[in-house]
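Please look through the following structure with its sequence beside it, and then follow the explanation below, which begins with the helix and works outwards from there.

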Amino acid sequence: MKKSPPKLKPSPHTLRLRAPEGCTSVSLAGREIAVVNGVVAVPAELAAILVHAHGFAYAE
């Protein structure tokens, strides 16, 4: 009998944020996330921290 493939966990919802001028990466919850072309995609539950405390803005 063939074994069925394991179910994949859904990836967490992410939001795109515009990074402050000169920012090249973000360190959140033990993860380093690169800023590409001034934008970074972060888990939605952590986005507000960057916006309110670190000068990021929600990307359109």
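In this predicted model, helix α1 spans residues 44–54, and its buried residues are L46, A47, L50 and V51. When α1 is viewed down its axis, these buried residues fall within an arc of 145°, so they line one face of the helix. A general rule helps to make sense of such a pattern: an α-helix has 3.6 residues a turn, so residues three or four places apart point the same way. On the other side of α1 the situation is reversed, for there E45, H52 and A53 are exposed. The buried residues of α1 are covered by parts of the chain that include β1 (14–18), β2 (25–28), β4 (39–43) and β5 (57–58). Just after the helix comes G55, which takes a positive phi of about 85°.

It is useful now to step back to the chain as a whole. Its secondary structure comes to one helix and five strands, and from the N terminus on these elements run in the order β-β-β-β-α-β. The protein chain has 60 residues, of which 25% count as buried. Among the contacts between residues at least 6 apart in sequence, 52% join residues at least 24 apart.

Which strands make up the open sheet, and in what order do they lie? Three strands form this sheet in the order β4-β1-β5, and the pairing is antiparallel. The strands β4 and β5 stand at the edges with a single partner strand each, so one side of each is left without a neighbour in the sheet. Helix α1 packs on this sheet, where it touches β1, β4 and β5, and its direction makes about 125° with that of β4. As a general point, strands of a sheet pair through backbone hydrogen bonds, either parallel or antiparallel. Here β1 is joined to β4 by five bridges, with the two strands running antiparallel, while β1 and β5 pair in the antiparallel sense over two bridges. Residue L17 can be followed in both directions, since it stands opposite V40 in β4 and has Y58 as its bridge partner in β5.

The next residue to consider is R18, which is also found in strand β1. Is R18 buried, partly exposed or exposed? Its relative accessibility is 40%, a value between the 20% and 50% limits, and R18 therefore counts as partly exposed. Leaving aside neighbours within four places in sequence, R18 is in contact with G38, F56, A57, Y58 and A59. One of these residues is also reached in a more specific way, for the side chain of R18 comes to the backbone oxygen of Y58 at 3.5 Å. The folding of the chain can be seen in another pair, R18 and V40, which are 22 residues apart in sequence and 6.6 Å apart in space, C-alpha to C-alpha.

The remaining two strands pair with each other: β2 and strand β3, which covers residues 31–34, are joined in the antiparallel sense over four bridges. Together β2 and β3 form a hairpin with two residues between them, and A29 in the turn has a positive phi of about 50°. Within this pairing, V26 stands opposite I33 in β3. Strand β2 has two faces, a covered one with V26 and L28 and an uncovered one with S25 and S27. Further along the chain, in the loop between β3 and β4, lies N37, which has a positive phi of about 55° although it is not a glycine. The relative accessibility of N37 is 77%, so this residue counts as exposed.

The last step is to look at the interior. In soluble globular proteins, nonpolar side chains tend to be buried together. The largest nonpolar core of this model has 13 residues, and those with the most contacts inside it are L17, V26, L28, V40, V42, L50 and F56. The elements that give two or more residues to this core are β2, β4 and α1, and the largest share, four residues, comes from α1. What does L50 touch, if residues up to four places away in sequence are not counted? It touches L17, V26, L28, V42, G55 and F56, and L50 is itself one of the buried residues of α1 with which this explanation began.

Technical notes:
Residues numbered from 1 in each chain as written. Predicted model: local features only at pLDDT ≥ 70, side-chain atom pairs only at ≥ 80, totals over all residues. Heavy atoms only, no water. Buried < 20%, exposed > 50% of the residue type's maximum accessible area, 1.4 Å probe, protein only. Arc of directions from axis to C-beta. Contact = heavy atoms within 4.5 Å. Core = buried A, V, L, I, M, F, W, Y, C linked by side-chain atoms within 4.5 Å. Polar contact = N/O pair within 3.5 Å; in protein donor to acceptor, adjacent residues only side chain to side chain. Pairing = 2+ DSSP bridges. Axes fitted to C-alpha atoms, helices over the stretch in contact; angles between N-to-C directions.
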